[in-house]
Amino acid sequence: MPKAKVNHIEIAYETYGKGTPIVLIHGHPFDHTMWYPQAEAFSVSYQVITPDLRGYGKTNLPGSIATRFEDYATDMLGLMDHLGFNSFHLAGLSMGGQIIMEMFRQAPSRIKTLIFADTFAGPDTPEVKQGRYDTANRLEKEGMEAYADEVIYKMIRPAHVNSQPDVAGHVLKMMKASSPTGAAVALRARAERIDYLKDVLPEINIPTLVIVGREDEFTPVAKAEELKNNLQNCKLVIIEDAGHMPNLEQPEEFNKAVLNFLEGINYAESSF
């Protein structure tokens with residue numbers, strides 16, 4: 001994988017295809033390979049960029065320098081500078097969805113559209129926030145193995161653990177290969193993020209798409225509806241027979257939703 005030196009780290013990334021860039025930001029505790037069905041489908045018409053976030057995959061952490069949640073977004077904007085992309089479409093799943101909210105906060109004029117998958121914008125409850133800290137401590141102490149075996153049943157539909165063994169195997173492989181330190185740093189940083197529902201969503205005036213798996217336990221449909229209700233120009237798509245990772249559980253439906261959305265934007269722009 002190529003790497004770019006940005007923000008005291010080396011960001012690993014892959015690019016596919018040619019055309020207008022679309023950047024896909026992975027969730028926790030995954031890496032860029034969670035987007036492989038999208039990279040294949042989208043690269044027919046777009047240039048697809050799939051980075052590894054700091055501390056995940058083949059991207060390192062910045063040594064002794066502390067990581068704030070905002071840094072994940074600054075890293076990605078620096079990568080876009082490195083690649084020479086002034087503007088781009090932007091998609092993120094779960095934690096990745098919150099990172100792209102932060103990217104918009106930092107550089108609103110650079111982003112053409114936002115695609116939020118299985119994410120939410122509001123702050124954590126005190127209980128959820130403490131849970132992130134507790135999980136971070138656990139991962140540093142125990143590693144990723146047991147955690148991955150437990151949360152696989154929430155990452156995808158429980159039935160899909162058996163009925164979609166390739167998907168389950170891929171998700172488990174990504175989680176177990178993740179750095180416990182990198183995952184713990186992200187959990188703590190995420191626990192301290194700002195309230196994007198109040199501070200960022202009212203400022204978003206570009207076309208947005210919200211996608212959610214019908215049976216997502218981490219970010220249920222109600223959270224997706226909350227996003228839609230707080231965005232000015234938003235379409236909501238619910239993917240049936242999918243949990244927290246509809247991009248892998250139902251890739252054809254997910255890809256269709258994204259490509260139809262982008263084609264609609266392109267058509268509207270060409271009509272002026």
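Contact, in this tour, means that heavy atoms lie within 4.5 Å of each other. The model on your screen is a predicted one, and the stops below begin with a helix, move on to the pocket, and then visit a second helix and a strand.

Begin by selecting helix H4, residues 126-142, and look along its length. H4 has 17 residues, and from its first C-alpha to its last it reaches 24 Å, close to the 24 Å expected at 1.5 Å a residue. Now colour Arg132, Ala136 and Leu139, which are the residues to look for as buried in H4. If you turn the view until you look down the axis of H4, its buried residues fall within an arc of 70 degrees, so they line one face of the helix. On the other side of H4 you can pick out Pro126, Glu127, Lys141 and Glu142, which are exposed.

What should you show next to see the cover over the buried residues of H4? Add helix H5, residues 145-155, and helix H8, residues 180-191, since what covers those buried residues includes H5 and H8. Before leaving this region, select Gly143, which comes just after H4 and takes a positive phi of about 90 degrees.

Keep these helices displayed and turn to the largest pocket, in which about 560 Å³ of space lies. The pocket is lined by 21 residues, and to find its centre you can select Phe120, Val128, Arg132, Arg190 and Phe218, the closest to it. H4, H5 and H8 are the elements that give two or more residues to this lining, and the largest share, five residues, comes from H4. Arg132 therefore deserves a second look, as it is buried in H4 and is also among the residues closest to the centre of the pocket. If you colour the lining by residue type, it divides into nine nonpolar, seven polar and five charged residues.Next, select helix H3, residues 95-106, whose twelve residues reach 17 Å from the first C-alpha to the last, close to the 16 Å expected at 1.5 Å a residue. H3 is mostly covered, with ten of its twelve residues buried, including Met95, Gly97, Ile99, Met101 and Phe104.

For the last stop, select His89, which lies in strand S5, residues 88-93. Is His89 buried or exposed? It counts as buried, because its relative accessibility is 1%. Leaving aside residues up to four places away in sequence, His89 touches Thr20, Pro21, Ile22, Val23, Tyr46, Lys112, Thr113 and Leu262.

Technical notes:
Residues numbered from 1 in each chain as written. Predicted model: local features only at pLDDT ≥ 70, side-chain atom pairs only at ≥ 80, totals over all residues. Heavy atoms only, no water. 1 Å grid on protein atoms, 1.4 Å probe; cavity = no way out; pocket = protein on both sides within 12 Å on 5 of 7 lines; lining within 4 Å. Points joined across faces, edges and corners; volume = space filled by probe spheres on them. Helix = DSSP H or I, 4+ residues; strand = E, 2+ residues; numbered from the N terminus. Nonpolar A, V, L, I, M, F, W, Y, C, P; charged D, E, K, R; others polar. Expected span 1.5 Å × (residues − 1). Buried < 20%, exposed > 50% of the residue type's maximum accessible area, 1.4 Å probe, protein only. Arc of directions from axis to C-beta.
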